[in-house]
Amino acid sequence: MYPLFETVCINNGLLMHGKWHELRFENAYRIYYGKNPAYRLFDEIEIPEACKEGIFKLRISYNEFSKITEFEKYSIRDIFTLKLVEDNQINYNLKLTDRTQLNRLFSKKGDCDDILIVKNGWVTDSLYCNIVFSDGTGWFTPSAPLLKGTARARLIAEGSISEKSITVDDILSYRHFKLINAMRDFDRIEAVKMEHIK
């Protein structure tokens, strides 16, 4: 049983932004197991020759003492429409293998591509991504996400995006949004008009 996991982008054989994944792994391990990690996230991981050209997703599932890895060819999924769904009890502060709560909400997406989860009036995340909003002057991400993604943390540290408290009513003041995660590079993702949030 591997209750936690990390998803890492492999770009032409290069492991992308490993530092940020290692930091989240260490933090999640301490929270879940109550002690420092017994190993490092990327120890003994070798990228197969077949994964050294193009974009691949590396999934590292782990428990207290061990981990397993899976490599998968990745192609980005277009996400243009979001359905607002509310759940005031949902908790997903660690990257858990058990995504039952999230999948239950995703089943409510209707004819939209994805969901945008609202908790106690605050905008959080989509199914697999953090969200960023543009008002024409900059990009802002909700300060109360369900899960603090590695791309989100890196972009905040770089100054590319800023944290902001964002309610459902606040989103009317923005013009565009993007969905980001380790596999969806901020600079390559197309900005989508706010009218596509329903």
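Nine salt bridges are counted in this structure, where a salt bridge is a side-chain nitrogen of Lys or Arg within 4 Å of a carboxyl oxygen of Asp or Glu. The model is a predicted one, in which local features need pLDDT of at least 70 and side-chain atom pairs count only at pLDDT 80 or more, while totals for chains, interfaces and linings use all residues. Residues are numbered from 1 along each chain as its sequence is written, and side-chain values use heavy atoms, with hydrogens and water left out.

Three of the salt bridges are set out below.

| Salt bridge | Closest N and O atoms |
|---|---|
| Arg-104 with Asp-87 | 2.9 Å |
| Glu-163 with Arg-152 | 2.6 Å |
| Glu-158 with Arg-154 | 3.7 Å |

Helices and strands are named here as DSSP runs numbered from the N terminus (helices are H or I with at least four residues, strands are E with at least two). Glu-163 belongs to strand β10 and Arg-152 to helix α3 (residues 150–158), so their salt bridge ties together parts that are 11 residues apart in sequence. Burial is judged by relative accessible area (buried is under 20%, exposed is over 50%, and partly exposed lies in between, with a 1.4 Å probe and protein chains only). On this scale Arg-152 is buried at 4%, whereas Glu-163 is partly exposed at 42%. Glu-158 and Arg-154 are four residues apart in helix α3, a separation of about one helical turn, and Arg-154 counts as buried at 11%. In the pair of Arg-104 and Asp-87, Arg-104 is partly exposed at 40% relative accessibility, while Asp-87 is buried at 9%.

Asp-125, in the loop between β7 (122–123) and β8 (130–134), is buried yet has no salt bridge, and the nearest side chain of opposite charge, that of Arg-152, is 6.1 Å away. For this purpose Lys and Arg count as positive and Asp and Glu as negative, with His and the chain ends not counted. The side chain of Asp-125 does, however, reach the backbone nitrogen of Leu-147 at 3.0 Å.

Strand β1 (residues 4–11) is mostly covered, with eight of its eight residues buried. In a regular strand the side chains alternate between the two faces of the sheet. In β1 both faces are covered, with Leu-4, Glu-6, Val-8 and Ile-10 buried on one side and Phe-5, Thr-7, Cys-9 and Asn-11 buried on the other. Strands are taken as paired if DSSP finds at least two bridges between them. Eight bridges join β1 to the antiparallel strand β3 (residues 55–62), and in this pairing Glu-6 stands opposite Ile-60. Strand β1 also pairs with β2 (residues 14–15) in the antiparallel sense over two bridges, and these two strands form a hairpin with two residues between them, where Asn-12 in the turn has a positive phi of about 50°.

Elsewhere, an open sheet of five strands follows the order β10-β9-β8-β11-β12, with mixed pairing. Strands β10 (162–164) and β12 (192–193) stand at its edges, each with a single partner strand, so one side of each is left without a neighbour in the sheet.

The whole structure holds zero disulfides, a disulfide being a pair of cysteine sulfur atoms within 2.5 Å. Cys-112 is in no disulfide, and the nearest cysteine sulfur, that of Cys-129, is 15 Å away. The sulfur of Cys-129 is itself 13 Å from the closest cysteine sulfur, in Cys-9, which is too far for a bond.

Terms used. A polar contact is a pair of N or O atoms within 3.5 Å; within protein, one must be able to donate a hydrogen and the other to accept it, and residues adjacent in sequence count only if both atoms are side-chain atoms.
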